[in-house]
Amino acid sequence: MSPDALHDASDATLVIAISRYEQRALAEAYRRHAGAVYGLARRLLGDPALAEEIVQEVFLRLWNTPEKFDPERGSLRSYLLAQCHGRSVDLLRAETARRQREERDAQRTAEAGYDVEHEVLDLTVAERVRGAMERLHANERRAIELAYLGGHTYREVAVILGEPEGTVKSRIRAGLKKMRVDLVEAGVGGAR
Amino acid sequence: MSTYSVHEIEELLGAYALDAVEPDERELVERHLLDCPRCRAELADHLEVAAMLAEGAPAPEGLWARIAASLEEPPPALRLAVAPPGLASSGDAAVVDLGAERSRRRASRLALALAGVAAAVIVVLGVVVVRQETRIDDLTKEIASSDLSDAAGAAMGDPATVKTVLTDPSGEGDLTATAAVTPDGTGYLMTPNLPPLPEDRTYQLWGIVGDRVISLGVLGNEPSVSVFQVDPAVGVDGFAVTEEIAGGVVSSQNDPTLVGTRS
């Protein structure tokens, strides 16, 4: 596949090329998504070195088992980010990480105001996503943030927010659904 | 944990998408997802939304180089299926015409690991193809067929593509197929009217390179468009399709269903 063709290739085509061990196809997937994967891992783990390891792992897994990506079930980006999130959360929940995490939480509070760059995500998209987030009820938003970006289980979220577990569980689901509707209406994330 | 109703499992989908469920709940959800397309669709939506919450950061410099370096590992050695030419054992001259005597000689020559450049190239082709086969096969199943058809159509429209028409060697019937190989070695096999096989059978595609027959892929029991890969440096002289047990075989003893040589 020529570099130009790669640049315009759909996720599915890209992954077919990866399955043929075309390194350039993996490089293109990396170019498109590594920033998001790294950003998420770093946000969750608070440790650049660990985040790099996660990125490496996620892309190596794509290289070694590309057939696990099913284009009919979603975009490559969401697939890679789901892998990244799962692995990061596994690490976070490992016993040894707990203490570091507490320290890090304290530090983060101390450094409040720090903002992550939006290098990869289109700024309009980021804007719309933020808008959709803001239109959620505060409790839905908090629950989703604590779970996704904080790596907490919904039970932990319930404790943190002082709410019943069932409520938190429903809020997460309802909040995601609302955002979906909102974003599709805004013309973001409708295509799948 | 068996006290969860379907409704309760559905309620977990959002949290599950965010990796925020307990391990036993995760298992429950995953089991449910296996046979609930509606929940799979909902989960996919949740994952897309979640993916948008991830804020990017520039990946550190040098990280790609490290990843690329770790890809360099050589393919697993010698699951080498330089397939012994068995395809035409019934004597179908259109495919390969090799006496047993000759194939034995050739096999031992290959085993010497190859003085001849041409033979070396073929071995490389064989290794690459066999290694890729499983994952390409798995993947082909996953890719929306429309996507593949588009790619195949584009290949057919490219004047640089080498096209080979395959027909039924018995001369009866109107079975036909077209193999289209683009200059980079990506091949598409279009099999518009192959009759579906039972679940435990599959069609298999073979490439004829000189006097060797090399498996190019297992096509499944109901192929319409399949993708395969050949080394662009090696010309494939012809193709054959056989019917085999599901999973395919390393070398075939069966009469080909379709054959075609490059004109």
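## Salt bridges at a glance

Counted over all chains, there are 22 salt bridges here. Keep in mind as you look around that this is a predicted model. Some of these pairs cross from one chain to the other: the interface of chain B and chain A holds 6 salt bridges. Others sit inside chain A, and we'll get to a few of them below.

## Chain A in outline

Let's start with chain A. What is it built from? It has 10 helices and 0 strands, so if you read along the sequence you get the pattern α-α-α-α-α-α-α-α-α-α. Chain A has 192 residues, and buried ones make up 51% of them.

Now for how the chain folds back on itself. Take the contacts in chain A with a separation of 6 or more: 60% of them are between residues 24 or more positions apart. As for the outside, chain A exposes about 9,100 Å², and carbon and sulfur atoms supply 50% of that.

## A helix tucked away

Have a look at helix H2 of chain A, which covers residues 11-19. Is it enclosed or open? With 7 of its 9 residues buried, it is largely enclosed by the rest of the structure. The buried ones are A:Ala12, A:Leu14, A:Val15, A:Ile16, A:Ala17, A:Ile18 and A:Ser19. After H2(A) comes A:Tyr21, which has a positive phi, near 60°.

## One glutamate, two arginines

Next, find A:Glu28 in helix H3 of chain A, which runs over residues 23-45. The side chain of A:Glu28 makes a salt bridge with A:Arg31 at 2.9 Å, N to O. A:Glu28 also makes one with A:Arg32, this time at 2.8 Å, N to O.

Why can A:Glu28 and A:Arg31 line up like this? They are 3 residues apart in helix H3, so about one helical turn separates them. A:Glu28 and A:Arg32 are 4 residues apart in H3, and again that is about one helical turn. As for cover, A:Glu28 is buried at 8% relative accessible area, and A:Arg32 is buried too, at 17%. A:Arg31, on the other hand, counts as partly exposed at 48%.

## A link between two helices

Another salt bridge in chain A joins A:Arg87 to A:Glu57, with the closest N and O atoms 2.5 Å apart. A:Arg87 lies in helix H5 (residues 76-93) and A:Glu57 in helix H4 (residues 48-64), so the pair ties together parts of chain A that are 30 residues apart in sequence. Both ends are partly exposed: A:Arg87 has a relative accessible area of 23%, and A:Glu57 has 28%.

Back to the earlier group for a moment: A:Asp11, A:Glu28, A:Arg31 and A:Arg32 form one network, joined by salt bridges that share partners.

## Where the two chains meet

How many residues take part in the meeting of chain B and chain A? On the chain B side 57 residues are in contact with 76 residues of chain A. The area buried between the chains is about 6,000 Å², and carbon and sulfur atoms give 60% of it.

For a specific pair, look at B:Glu42 and A:Arg173, whose side chains meet in a salt bridge at 2.7 Å, N to O. Across the interface there are also 17 residue pairs in polar contact, with both residues at pLDDT 80 or more. On the chain B side, the elements giving two or more residues to the touching face are helices H1 (6-11), H2 (13-17), H3 (23-34), H4 (37-53), H5 (63-70), H7 (117-142) and H8 (145-157), along with strand S6 (225-229). H4(B) gives the largest share, with 13 residues. Sorted by kind, the chain B residues that touch chain A come out as 31 nonpolar, 7 polar and 19 charged.

## A threonine in a chain B loop

Finally, a single residue: B:Thr191 sits in the loop between strand S3 (186-190) and strand S4 (201-209) of chain B. Is B:Thr191 buried or exposed? It is buried, with a relative accessible area of 1%.

What does B:Thr191 touch? Leaving aside its neighbours within four places in sequence, B:Thr191 is in contact with B:Thr176, B:Ala177, B:Pro223 and B:Ser224. With one of these, B:Pro223, there is a polar link: the side chain of B:Thr191 reaches its backbone oxygen at 3.1 Å.

Conventions. Residues are numbered from 1 along each chain as its sequence is written. Chains are lettered from A and ligands numbered from 1 in the order in which they are written. This is a predicted model: local features need pLDDT of at least 70, side-chain atom pairs count only at pLDDT 80 or more; totals for chains, interfaces and linings use all residues. Side-chain values use heavy atoms; hydrogens and water are left out. Contact means heavy atoms within 4.5 Å. Buried area is the accessible area (1.4 Å probe) that two parts lose on being put together, summed over both. A salt bridge is a side-chain nitrogen of Lys or Arg within 4 Å of a carboxyl oxygen of Asp or Glu. A polar contact is a pair of N or O atoms within 3.5 Å; within protein, one must be able to donate a hydrogen and the other to accept it, and residues adjacent in sequence count only if both atoms are side-chain atoms. Ala, Val, Leu, Ile, Met, Phe, Trp, Tyr, Cys and Pro count as nonpolar, Asp, Glu, Lys and Arg as charged, and the others, Gly among them, as polar. Buried means under 20% relative accessible area, exposed over 50%, partly exposed in between (1.4 Å probe, protein chains only). Accessible areas come from the Shrake-Rupley method with a 1.4 Å probe; for residues, only the protein chains shown count as cover.
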